[in-house]
Amino acid sequence: MPSNLAIDDDLIAQVQQLGGFKTKKAAVNEALAEFIRHRKQLELLDDFGTIDYHDDQASKKEARRK
């Protein structure tokens, strides 16, 4: 999907330099992918400690027998 965006040239240059990207397209795509990964990690951190974990060895042994 072609887009016409006004992106800060200095930001693009920094991403290209830090990431070793030869094209603006590669730099932008990686920056967007990294942004998404980072946000998903933050969502996981928000859930940290809210999930109950029970280490029930007996039920694991029974499941293996079946």
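Tutor: Before we discuss this predicted model, note that a helix is a DSSP run of H or I with at least four residues, and that helices are numbered from the N terminus. The name α2 therefore refers to a helix by its place in that numbering.

Student: Which pattern does the protein follow when it is read along the sequence?

Tutor: The pattern is α-α-α, since the protein has three helices and zero strands.

Student: Which helix gives the most to the lining of the largest pocket?

Tutor: That is α2, with five residues, and the elements that give two or more residues to this lining are α1 and α2. The pocket itself has a volume of about 280 Å³, and its lining includes D9, I12, K24, K25 and V28.

Student: How do the residues of that lining divide into nonpolar, polar and charged?

Tutor: Seven are nonpolar, two are polar and three are charged. I12 and V28 are among the lining residues, and they fall in the nonpolar group because Ile and Val count as nonpolar.

Student: What makes the pair K24 and D9 a salt bridge?

Tutor: A salt bridge needs a side-chain nitrogen of Lys or Arg within 4 Å of a carboxyl oxygen of Asp or Glu. The distance between the side chains of K24 and D9 is 3.9 Å, N to O, which lies inside that limit and therefore meets the definition. The pair links distant parts of the chain, with K24 in helix α2 (residues 24-47) and D9 in helix α1 (residues 9-19), 15 residues apart.

Student: Why is D9 called exposed, and why is K24 called partly exposed?

Tutor: Exposed means over 50% relative accessible area, and partly exposed covers the range from 20% to 50%. D9 has 55% relative accessibility and therefore counts as exposed, whereas K24 has 49% and therefore counts as partly exposed.

Student: How many salt bridges does the structure hold?

Tutor: It holds two, and the side chains of E30 and R37 also meet in one, at 2.9 Å, N to O. That value is within the 4 Å cut-off, so the name applies here as well.

Student: How do you know whether E30 and R37 are buried, exposed or partly exposed?

Tutor: E30 has a relative accessible area of 30% and R37 has 42%; both values lie between the cut-offs of 20% and 50%, so each residue counts as partly exposed. E30 is found in helix α2 and, leaving aside neighbours within four places in sequence, is in contact with F21 and R37.

Student: What makes Q16 a buried residue?

Tutor: Buried means under 20% relative accessible area, and Q16, at 18%, therefore counts as buried. Q16 has its place in helix α1, and its contacts, again without neighbours within four places in sequence, are F21, K22, T23, K24 and A27. Buried residues make up 5% of the 66 residues in the protein.

Student: Which helix has the lowest mean pLDDT, and which the highest?

Tutor: Helix α3 (residues 57-65) has the lowest among the elements, 65, and α1 has the highest, 95. Where pLDDT is low, the predicted coordinates should not be read in detail. For the protein, the mean pLDDT is 85, and 82% of the residues reach 70 or more.

Terms used:
Residues are numbered from 1 along each chain as its sequence is written. This is a predicted model: local features need pLDDT of at least 70, side-chain atom pairs count only at pLDDT 80 or more; totals for chains, interfaces and linings use all residues. Side-chain values use heavy atoms; hydrogens and water are left out. Buried means under 20% relative accessible area, exposed over 50%, partly exposed in between (1.4 Å probe, protein chains only). On a 1 Å grid over the protein atoms alone, a cavity is a set of points where a 1.4 Å probe fits but cannot get out, and a pocket is an open set with protein on both sides within 12 Å along at least five of seven lines; lining residues have an atom within 4 Å of a point. Grid points are joined across faces, edges and corners, and a volume is the space filled by probe spheres set on the points. Contact means heavy atoms within 4.5 Å. pLDDT is the predictor's confidence in each residue, from 0 to 100.
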